[in-house]
Amino acid sequence: MAIQDMAPESGVRGPVRNSLLYDPKVRGVVVQVLLAVGLVVFFWWVIDNARENLERANIASGFDFLWSRAGFAISQSLISYTSDDSYARAFVVGLLNTLLVGLLGVVLATILGVLAGVARLSRNWLIAGIAAVYVETFRNVPVLLQLLFWYKAVLAVLPGPRQAIALPVGSNLSNRGLLLPWPIAEPGFSDTLMALLVAIVLAVGVGIWARRRQLATGRPFPAFWTGLGLIILLPIVVFLVTGAPLTLSYPELKGFNFVGGLHIQPEFVALLLGLSIYTATFIAEIVRAGILAVARGQSEAAHALGLRSGPTLRLVIIPQAMRVIIPPLTNQYLNLIKNSSLAVAVGYPDLVSVFAGTVLNQTGQAVEAILLTMLVYLTISIATSLFMNWFNNRVALVER
Amino acid sequence: MTRIAISYRRQDSAAIAGRIFDRLVARYGDHSVFMDVESIPFGVDFRAHLEEELGKVDLLLVIIGNDWLGARADGGSRLRNPADPTRLEVEAALKTGVSIIPVLVDSASMPDATALPEPVAALARLNPVAIDGGDGFENDMERLVGAIDALAGASAPGAADAVVETGSDVPADPGFDPAEEAEYFSHRGDRDDGHTPGEAAEVEPGFAGTMMYVRREEEPVLPPPRSSVGAVGWARQNLFSSVGNTILTIVGIVLIALILPPIIRWAFIDAVWVGDGREDCVVPGAGACWAFVEAKFGQFIYGRYPLGERWRVDLTAILLIIGIVLMAVPRIPYKRESAIYLFAIFPIIALVLLTGGNFDISIWTVIAFIVLGCLLTALVAAVVSNAARSLGRGTIALAAVVLAIAVWVGTLFLGNPALNVGSVAVSLSTLVFIICGGVGFIAGLMAIAGRSDLPGGRAILGLWLGIGTVTVLLGIFAIDFGLTHVETPLWGGLLVTLVVALSGMGASMPLGIALALGRRSQLPVIRFASIAFIEFVRGVPLITVLFMASVMLPLFLPPGVNFDKLLRALIGVALFEAAYMAEVVRGGLQAIPAGQYEAARAVGLKYWQSMRLIILPQALKIVIPGIVNSFISLFKDTSLVLIIGIFDLLGIVQANFTDSNWASPATPATGYVFAAVIFWIFCFGMSRYSIYTERRLDTGYRN
């Protein structure tokens, strides 16, 4: 055959096997070029369609709308905000609300989750059983359902402000939300804050010095308790010396509503409660797995070296369990922050509800609003991922 | 001086016999203990020889291990052989009246008299000494030595007529009860063989001294202390083992006492079980309003699906359950067929049943598919023949096809659909497209016709199989089965939840695998595209993806094209879940040792072959728990579709709160608890099944 004359070196395997078709490099390049072209064509097509559709709907694309007057009120804001402010400020308000609920949720969920995780490992049958029932119940029910349950089935049917349920230290709970006493600073309180700052700096310094001394001489120093004492005592002393410049504002019933104190809206309470209780079940399982992952031999070896159970836990078990716990724990924190977007279902003004909800509906700038919202979450998660990679590299076991 | 011979079976107990021998030598001197009877001189009757040898000793230790009988494959034993040396030794000892002590080793038990041939059957009646080869060896040897000494002492003054079993010689033991002892022996079965006790006396002299120290009956096992058994013991161990534990228990009891009674009162005791409206549920002190759930149950399951058509949903559910049972129960065979049913046939049936089928599919869609097939065929043929350097027709085909595709793409962007053949005016570009495509197709086919050495044949076959399948499917969907069309806005309740969840699972699995492979690909463009997609989707909340699907998708499509709302949500959920699935699968791929990849390449498998046959089966098995976890979170996430206005289970439950006939303070809680229970059953069930599968597939090693 003529072909064989053209490719004599191919031998018995036939000419086709030698063709470019079987060259992995060529194949790889072709596939990639096809994919790249496909993606470009796809995005071009999508953008072209979007442009055309927006033109028809008479919507000007771009981010100029951010500077125009928002014209709607937001029920909870950490910074001053009125309906005369711009959309951009509404965006910041929503973002701060998201961060607030995320931060508090992370703290609450961690406390509850660690408690439940440790309880599930308890040798006490009853405590382990309660923890297991809690985890298995709340883990297997959608978080949205839980949020709605707290909001509509629990908080909404609470009695009104006049019949509010009294809680300790002057706080109370009604269908208007949770009211807490709130400290109001008077002139001179800044000294106490300064003292606290100084105490923290001192505590850190003592910690560093104690560590250096122990490394050099081997003699331990109770740096933790010293630091704690400093941080607690110094501000209190300064506070008392400066004449206790702080008054507590208690919520009081005036007319049909409460005045004074800190008013926490039911939406916020429901969101915080739902997110924390739900996420804590996952944290509990992570903590449990982490502690179980530390080999028994480790605590036995620690005991053999003469460490008592306290130092064993602090110096041997927890550092090793942390290596296992931290990466999935961070994932759960991210999940909690992402799940806080469900605020839109209970009407808490978080980022999604303010920006991808109200602003989008008012302006019709769907693409910009959703892209900005996504970008915020994306930034948070990528920043966290980068931190996690750094952390993993730091704590990873170096084996041979 | 006691002279002791040791008889043992070499295969049975050589090692421990050696140890016993050494001990006895240390105790009695090496001229007193004989282990291996010296070889029999030629020409001597060995029976006589043995008897003579044994005549020189006072005592024969018969060491009995587990295989002392010398069991043979045919069921008999070597001891049954009259010439068996072990048998001969025992026989000779019995005959000459030498004392015998059976020594049980390796936890062996005394052979039954019926298992012994007649000449040595008497052995079974002798009281044995058990010797433990482990920790108890020292003690047991002490006992053996004691027994030997006692025997020697007893036999010296000619006490050969001491009878073991009669018990008449052991008055020293006040607790000795002859009846009990007789019972003990009868358990061993050797009182049934017709021998009288007197006979045994001839062969078992002088055990009386030893017998005093040997415990014959087992001490009854004492019950454990009352504090560690039963409910009390369990409670002490698990609830009150220490002060701290007790405090925890009390805290737990208080917690339960605070939480449980109100829940039980609310859900059961004070609950309203029957009623026709809110009046029944707003009575003071009323708990859950289950009557509401009862009245709205149909809606919670089917949504607003027409009453007369609900049998279609039921039928779909039954078909689904059949498929899942076939797949999920490991003992049922035909997994391959079941998989085809569940993943290929069932979705088609379900789609037709639920929507009613009879879709409006234009003939042009089918034609477009066939044209696409022709173009791709021509392209494959052209590329293959060009690559094989068979120039000529292949080049013509390639040029024609590329031109046709260029014209088609060009018209797409210039807003002139080339396949607009239905209209009267056939534009110039359409004409060019048809001509070029036709030329390319014919030239391409001619270029590879009769060339079986070219590799394009299978690709073209697969292509046409795919196109054929799609065409048949379109045909099925176009058939009028006489079912009323049910719009998706009418769907709701558990039906929608399951539709979203199951199609999400079905779509996210292959997409996720593809993305995971893409992320680990060596090709930078593919890898980068996969990473970008996965990280983007994982970085944003599902709700924004759903917003995007519901608000932005219509923007991205050409004007006039409109998607079903449910379908948009399905796409959003599937894409979102695919990113998570990809990370789960990637975990599995990374867990496979590099040796597996290398071995797959070494045996000549190509990329897809090695993935399909070697890597993915192992990787997916490892990540089954992760996959099921993904499915569980997907199932829970389906509830989010209510935010974009689709009435899934949670959505329809919530929508019914506003029904003025049922609005009461207890209604929301009741509805939510009902929905929660349904979700919980599904999720918990899945997680249990995952744990079960994980245990079943666990091959005992993890890499």
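Visitor: What makes H5(A) count as mostly covered?
Guide: In H5(A), 12 of its 13 residues are buried. A residue is called buried if 20 or more other C-beta atoms, placed from the backbone, lie within 10 Å of its own (exposed means 12 or fewer, partly exposed is in between). Among those that pass are Val143(A), Phe149(A), Trp150(A) and Lys152(A). Please keep in mind that this is a predicted model, where local features need pLDDT of at least 70, side-chain atom pairs count only at pLDDT 80 or more, and totals for chains, interfaces and linings use all residues. Residues are numbered from 1 along each chain as its sequence is written, while chains are lettered from A and ligands numbered from 1 in the order in which they are written.

Visitor: What do the buried residues of H5(A) pack against?
Guide: In chain A they pack against H4, H8, H10 and H11, and in chain B against H25 and H26. Packing rests on contacts: two residues touch if their C-beta atoms, placed from the backbone, lie within 7 Å.

Visitor: Where does helix H5 of chain A bend?
Guide: The bend is at Phe149(A), by about 30 degrees. That angle lies between axes fitted to the seven residues ending there and the seven starting there.

Visitor: How many residues of chain A are in contact with chain B?
Guide: On the chain A side there are 55, in contact with 53 residues of chain B. H2(A) gives the most to the chain A side, with 13 residues. That side divides into 37 nonpolar, 13 polar and five charged residues. Here Ala, Val, Leu, Ile, Met, Phe, Trp, Tyr, Cys and Pro are nonpolar, Asp, Glu, Lys and Arg are charged, and the others, Gly among them, are polar.

Visitor: Why is strand S1 of chain B said to be largely enclosed by the rest of the structure?
Guide: Five of its five residues are buried, so the description fits S1(B). Ile4(B), Ile6(B) and Tyr8(B) point one way, Ala5(B) and Ser7(B) the other, and all are buried. A strand here is a DSSP run of E with at least two residues, a helix a run of H or I with at least four, numbered from the N terminus.

Visitor: How do you know that S1(B) pairs with S2(B)?
Guide: Pairing needs at least two bridges found by DSSP. S1(B) and S2(B) have two, in the parallel sense, and Ile4(B) has Val33(B) as its bridge partner in S2(B). S1(B) also runs parallel to S3(B), joined by five bridges, with Ala5(B) opposite Leu60(B).
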